[in-house]
Amino acid sequence: MAGNKTERGVSWEVRANGRCFHESLRRKSFLCIRWGRYADNMVRSYKYTPLTFLPHNLYEQFQRAANLFFLLIVILQCVPVIATIPWYSTMLPLLFVLLVRGFKDLATDVGRRRSDAQINMRPCDILTPDSFKTVKWKDVCVGDILRVHKDQVIPADLLLLCSTEPHSLCYVETADIDGETNLKFRQALAVTHTELNGDQTEKNLKIFDGVVWCEEPNGNLHSFTGELHWKGERHLLDIDHLLLRGTVLRNTDTAYGLALYTGSDSKILQNCGHLKLKKTQVEKLLNKTMLVILLLMLSTALLLAVGAGLFEYKVSPQFDVLSALQRGSSAAYLGFLTFWGYVILLSPAVPMSLYITFEVIHMVHCLLIGWDVEMYWEDNDSPAQARTTTLNEELGQVGHLLSDKTGTLTQNRLLFRQCYIAGHIYGDMSKEFKPLDLSWNRFSCGGLKFSDQQLVEKLRRRSNPECQEFFTALALCHTVMSEWKDGLPQYQAASPDEEALVCAARELGWVFLSRTRDTLTISELGITRNYQLLALLDFTSKRRRMSVLVRETGGGLKLYSKGADIVILERLQKNCPLQGSTESALEVFAQSCLRTLCVAVRSVPEDLWTNWNRALNQASTATGNQETVLEEIYDQMETDLTLLGVTAIEDRLQEGVPETIATLRRAGVKVWVLTGDKTETAVNVGYACRLMDPDTTLIQGEELRQLLESPTPDVCVISKEPEVWITDKRAAKNKSALVITGPELVDLTRMPEWGARFVALSSQCQSVLCCRVTPAQKAEVVEMVRKYSTSITMAIGDGANDVNMIKTAHIGVGLCGVEGSQAVQNADFALAQFSFLRRLLLVHGHWSYYRICILLRYFLYKTTAFALVHIWYSFYNGFSAQPMYESWFISLYTTMYTSLPIQCMGFFEQDVSAKSCLSWPEIYRIGQKKKLFDPFVLALTLLYSVYTSIILFFIPMGILQYSAIDYQTFAVTVETSVVFTTTVEVILHTKYWTKFSIAAVIFSLLVFFLSTLALHSARLFTASPKDYFFLGASPNAYSTPEVWLTIFVTTCAAVLPSATIRALGVVLTKPKKHKIHSSVNEPVELQSWFRRGTFQRRSSYAVSQGKGFGKLITSGVGLPSAVSPQDRRVTPDSLKKDHPQGARSSIA
């Protein structure tokens, strides 16, 4: 028996009301050890626990090679025989770095725990032996029976057992799962509906002892396989019986379900992926540079140690004093000790304070992002948030932006804006919207964004039969359900398109009131009419249209159809007089990026209806290929249509989306849209938000497959005809966009060569649209882009279905439109609007990249130049590892004397202003091309530091070696030259001066001079002669004119190359390159990149509507019984009688 279940793929056992059984097998863990089968229902997005924080965090921090190196240096400094500088000079900065980073990571993780707690503490009802009891989500266990009320979020993956609706139907909204706001219907098994429903539902559920065998937990959102074993019978289960966690129950008072998968086993959390440690490309290159410096340092120390051994072997025996210092040690042993002494002495070349400053500047950049009032959304009091403080510079390097659609680009609000009827276009699209006077319509609910009083007058005077017929079609041809609230009809639709059209008809006087299995009731300007519903020709994505066949009060038969223009126009009567003007209207609507559909009517003879209905009944009972037969019969009726008009719907985008995408395209960012919606929806949104131009060629389906299978590696499209390909990339000119669906993505992930070619092909296109993709596939697309391209990826979304791709991308951004959004909880940055992305990337991103790169290059320069002086000094001290500087200067050089100016530069530096960044997005390409921090730039920086170190040592040595200057005075001279040189270098780098920058330079120099004088004072020498042995060195040096002359000459020679390059850059650069800094910032006109060609008509009617709603309605499931048709005038009393307040419908 068990073997058979395994073969059928149903090995997951769930016993109804079996909490004791499931709790005994609940999954548990201790440290890295896990056992048990069933997960609890808690969300855990945090990384640390009290036991794992310290080891886990230390492990992450010591991933940095520099931290490991400094730990080794601290150990070496504790060995007296090789310690050349005090141990605390390295130990204290290392502890500070570890503590700062540790507290920051802890604070971030505590924030994740709080977000998790908000979800885990949500209330829900579970069945106990006594009755239903309200508990928290985290208390739900596999096998529990839950009661879910209308508008509640489903807390776990449930098997629907029954509901309060007829036939145990219920409707769920899956926007947080697949991005679609249209409703999905779910229905319980007939056996559980019959046995468990009724007056004693709670009692029946208590004694329910069914056992479910189903598939193991997985992330497939669109399929489910299972069996219910109950009363000796086996009943098959599929996805239509499942209520997924994260969906919202709509239009159903109460639904009862059996928990099958909880917590991390639920399908939505199976798609969320794991929390990943993200490192920036700059940090990775920095770590590699640190390794190179470390290897060079060790090699240099080895060479110097060899020199020390040779010196001790050949030179020291010639001098009695040097021989006495050996104390009988061999030259090899002394060379060995000298090697470790030089390792300690040269360790400042790997800058410890860099990581402290790195962390501080990252945190300040995050605060600046949060304080930016331009990214504050007043409507929901949401400022921008930087939830991770390690990715700031990558904001300035993004090459691919992968965005969700619903709730991210769009508001998911479809608005009826224009229409075309009988040769006239109605509706004003200008920004100066003038609302209509609809006070005469008692059914008006407001919210109509349509402005044309002329049409309203025609309708009210009944002077235009075409207009009346047009809105009659809109009020009848749909699958909408009505629900009465406060005496007004509220609509719930299977697609937002249908809802927008029915609501528009209601506002203009054609009010859909109710429906039964056999009738449709509407109010036409206050007169109620009942139409007998004879047939509903359902929508499918293949048909791209729907129709209703109704019998009017007078007995006449009419077929009303609406759908995509390309399928409606070809079914019109021959020689349609409005064909040309209709196509012109469609082009006008397409130019405005409106979603269009055509509306048509046909008068049907009685004998045609009789014969057609007979054929329909026969096809409905046929077996095998029934869907194809029905479509052929539908086609027979949907011919010889008369065009009534065209509707134009605006898919309301979020504020500023088109301008943001247009600007990002100018900045060189490739924008991809990943959505769970159907292809038509994504394509139309792509046109509306300027992701594509109207004349863009769409490459999809078989054409895309042929491109990927082409033997030529570099192939692209240059013509609107998808068959025309060439291998010259330059000829394509980005005139195309790729459209791919979820099933097609499976092939890309299975065949690496296809994935690589797809990414390469996308780089030649305007954009990529990925439709019908699961959350897991979104992450796979991001991973594919990361794998086959070198650009930085950013993923942005607003729902739980976006969490996986947000975690997978280099940078994840969550939109915080809904409180407690899982996208925000798992994101690196949180914004209230998509349009804020423009400022986040082009301003803060560019500034952060520029500041961090300048900071890192400067730190490498100043520390390497500072440390290399010891090498040149070795040739004068017999390779004895004697420090060139005073030990306190080594400790304070990077922490006090030179830290503040570069920190202010890292906080405030700007190469261009914020307005210039937005006005000239092309500046952003600097970061994409890694121009400021690449191996070549780093090599030049290190070479420049070598030059500086030579100048810093040999010029003072050349000037002072024949004067009466001792070692300590020489050391002070070199120390002062080092501080002056590095400070002047900061001054030369700084382009944007603030009062803080000026104060930092002055303060650093004052601290240097005052601390140097204090450290060389007699009082400290008396207190500790061993630590403060430079008695009176600085007063003596600064009183000598030769020293100041040497300092001046050394500083000038050291910064001469840098000053010369900057001067030549100003002199030789063409004037136009300075416009960014000097010109007046004028508003930027957002223009398309392409000339507008012939517009391709496109329709997206009901593109998010699933098939099957027509069959659901005509079968009578969940609908009232038929009402005899009659005509009468609407009165308030009759309305209250027929439609009492609070009555429920079948869809909400």
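Asp1027 counts as partly exposed, because its relative accessibility is 30% and the partly exposed class lies between the 20% and 50% cut-offs. The model is predicted. Asp1027 sits in the loop between helix H37 (1018–1023) and helix H38 (1033–1038). Its C-alpha atom is 9.6 Å from that of Glu886, although the two residues are 141 residues apart along the chain.

**A helix pair**

Helix H30 spans residues 887–897, and helix H36 spans residues 995–1015. The two pack at an angle of about 160°, and their axes are 11 Å apart. That angle makes H30 roughly antiparallel to H36, because angles over 145 degrees fall in that class. The crossing of the two helices is right-handed.

Which residues of H30 meet H36? They are Trp888, Phe889, Leu892, Met896 and Tyr897. On the H36 side, the partners are Ser1004, Val1007, Phe1008, Ser1011, Thr1012 and Leu1015. By class, the contact of H30 with H36 holds eight nonpolar and three polar residues. Charged residues are absent from this contact. A general point about α-helices helps in reading such lists: with 3.6 residues a turn, residues three or four places apart point the same way.

**Buried sites**

Is Asn120 buried or exposed? Asn120 is buried, because its relative accessible area is 4% and the cut-off for buried is under 20%. Asn120 lies in helix H5 (residues 88–120). Leaving aside neighbours within four places in sequence, Asn120 is in contact with Asn41, Met42 and Val43, and also with Lys136, Trp137 and Lys138.

Helix H21 covers residues 657–666. Eight of its ten residues are buried, so H21 is largely enclosed by the rest of the structure. The buried residues are Val657, Pro658, Thr660, Ile661, Ala662, Thr663, Leu664 and Arg665. Arg665 is thus listed as buried along with Val657 and Leu664. Just after H21, Gly668 takes a positive phi of about 90°.

The two single residues compare as follows.

| Residue | Location | Relative accessible area | Class |
|---|---|---|---|
| Asp1027 | loop between H37 and H38 | 30% | partly exposed |
| Asn120 | helix H5 | 4% | buried |

**The whole chain**

The secondary structure comes to 42 helices and 38 strands. Of the 1148 residues of the chain, 56% count as buried. The accessible surface of the chain comes to about 47,800 Å². Carbon and sulfur atoms hold 57% of that surface. Among contacts with a separation of 6 or more, 75% join residues 24 or more positions apart.

Terms used
Residues are numbered from 1 along each chain as its sequence is written. This is a predicted model: local features need pLDDT of at least 70, side-chain atom pairs count only at pLDDT 80 or more; totals for chains, interfaces and linings use all residues. Side-chain values use heavy atoms; hydrogens and water are left out. Axes are lines fitted to C-alpha atoms, for helices over the stretch in contact, and angles run from 0 to 180 degrees between N-to-C directions. Angles under 35 degrees count as roughly parallel, over 145 as roughly antiparallel, 65 to 115 as roughly perpendicular and the rest as oblique. A crossing is left-handed if the near helix is turned anticlockwise from the far one by less than a right angle, and right-handed if clockwise. Contact means heavy atoms within 4.5 Å. Ala, Val, Leu, Ile, Met, Phe, Trp, Tyr, Cys and Pro count as nonpolar, Asp, Glu, Lys and Arg as charged, and the others, Gly among them, as polar. Buried means under 20% relative accessible area, exposed over 50%, partly exposed in between (1.4 Å probe, protein chains only). Accessible areas come from the Shrake-Rupley method with a 1.4 Å probe; for residues, only the protein chains shown count as cover.
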